[in-house]
Amino acid sequence: MTQIDQLNGVIAFLHSAEALSFTAAAAKLGITKSAVGKSVTKLEERLGIKLLHRSTRRLSLTPDGEAYYASVRHALGEIAAAETTLLSKSQVISGRLRIDAPAAFGRQILMPLLLDFSRAYTGLTLSLSFNDKIVDPVAEGVDLTIRFGETRDCTGLISKKLTEQPSVVVASSSYLAARGTPQSVADLQQHDCICGFGGNSASWRIKGSDGAAVRYLPPVSHQFGDGDAIVQAALAGLGLCQMPRSLVRAHLEKGTLTSVLEQVADVPVSVYAVWPVTRHLLPRVRTVVDFLAEKGRQGALD
């Protein structure tokens, strides 16, 4: 049996299940009632389960048939939606666009760009959330997430690298004057370090002996829930922190923060756009990803 024959059996079953009648399914498909019945029977034989109860008066779905019908209807609905999107010539950028991003990066770097993007498409409405916890876009119903570093679990997700920027370890001049400037990673054991909570947020990325990036667990003195709070704590003289350079550039230029351990802490960190496979064909998602990728090439995300 060819794949086309198998698909014909699925479609014949779908129409039969919807109408609970081979006759009505045949009329909709433009074939004979006998052909519909045979096609469904072949499908049942291939699957090894009974999908429909037959009687002289009407059809009814078996429990397996009900489950299979729900799956088939959803799958064909996805195909129809994909075709509608691809065949649409207007490709109208409209609807609600739900984006989640790291707190500091989202507010400082991403939000001004997205506001410009939104002004260009009047039919678009934004729903932005900013937090430093990894959000599952599928479970949370988010169209697009922005993440630092590669995504480990990519099941059902698509990712695109937007840019790459160095990370830096910084501290305030008042802290360095009081505690001294660390000259090596080992010196950090004598310093106060500011980190996030759990996972990668509680560790830093430094260059190992071979120059490759490795994870390092500093002695944590203070922990805060997002990047903005971490930077503010460093400005207040509470210790050292590691952040992407884009989030502390203004403070470095003003001299309110100073970069240290540049020989080992200048480790590139990648910024990714991540979105569910089910959102890939939405024009608003594809357009904003292309927009952010172009901004990345221009250096606007650094």
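Two strands count as paired if DSSP finds at least two bridges between them. Keep that in mind, everyone, and welcome to a short tour of this predicted model.

Let's start with a pair that meets the rule. Strand S8, residues 204-207, and strand S9, residues 213-216, are joined by 4 bridges, and the two run antiparallel. Together S8 and S9 make a hairpin, with 5 residues between the strands. If you look in the turn, you will find Gly211, which has a positive phi of about 90°.

Now put your finger on Lys207, which belongs to S8. Across from Lys207, in S9, stands Ala213. Is Lys207 buried, exposed or partly exposed? Its relative accessibility is 32%, so Lys207 counts as partly exposed. What does Lys207 touch, once we set aside residues up to four places away in sequence? The answer is Ala212, Gln263, Val264, Asp266 and Val267. Have a look at Val267 in particular: 60 residues along the chain separate Lys207 from Val267, and their C-alpha atoms are 6.7 Å apart.

Val267 also leads us to our next stop, Gln165, since Val267 is among the contacts of Gln165. You will find Gln165 in strand S6, which covers residues 157-171. Here the relative accessibility is 2%, and because buried means under 20%, Gln165 counts as buried. What do the polar atoms of this side chain find as partners? One is the side chain of Ser246, joined to the side chain of Gln165 by a polar contact of 2.8 Å. Another is the backbone oxygen of Leu301, which the Gln165 side chain reaches at 3.2 Å. Leaving out neighbours within four places in sequence, the contacts of Gln165 also include Phe105, Phe148, Pro244 and Asp302.

Let's move on to helices. Helix H2, residues 22-29, packs with helix H3, residues 33-47. We describe two packed helices by the angle between their axes and the distance between the axes. For H2 and H3, the angle is about 105° and the axes are 8 Å apart. That makes H2 roughly perpendicular to H3, because angles of 65 to 115 degrees count that way. Where they meet, H2 brings Phe22, Thr23, Ala25, Ala26 and Leu29, while H3 brings Lys33, Val36, Gly37 and Val40.

Which residues of H2 are buried? They are Phe22, Ala25 and Ala26. These three cover an arc of only 100° around the axis, so they sit on the same side of H2. Turn to the other side of H2 and you meet Ala27 and Lys28, both exposed. Look at the ends, too. Ser21 caps the N-terminal end of H2, with a side-chain oxygen 3.2 Å from the backbone nitrogen of Thr23. After H2 comes Gly30, with a positive phi near 75°.

Our last stop is helix H8, residues 227-235, whose buried residues are Gly227, Ile230, Val231, Ala233 and Ala234. Their arc around the axis is only 160°, so they too lie on the same side of their helix, H8. What covers them? The cover includes helix H5, strand S7, strand S11 and helix H9. At the start of H8, Asp226 has a side-chain oxygen that reaches to within 3.0 Å of the backbone nitrogen of Asp228. H8 is followed by Gly237, and there phi is positive, near 85°.

That's the tour. Thanks for listening!

Terms used
Residues are numbered from 1 along each chain as its sequence is written. This is a predicted model: local features need pLDDT of at least 70, side-chain atom pairs count only at pLDDT 80 or more; totals for chains, interfaces and linings use all residues. Side-chain values use heavy atoms; hydrogens and water are left out. Buried means under 20% relative accessible area, exposed over 50%, partly exposed in between (1.4 Å probe, protein chains only). The arc is that of the directions from the helix axis to the C-beta atoms. Contact means heavy atoms within 4.5 Å. A polar contact is a pair of N or O atoms within 3.5 Å; within protein, one must be able to donate a hydrogen and the other to accept it, and residues adjacent in sequence count only if both atoms are side-chain atoms. Axes are lines fitted to C-alpha atoms, for helices over the stretch in contact, and angles run from 0 to 180 degrees between N-to-C directions. Angles under 35 degrees count as roughly parallel, over 145 as roughly antiparallel, 65 to 115 as roughly perpendicular and the rest as oblique.
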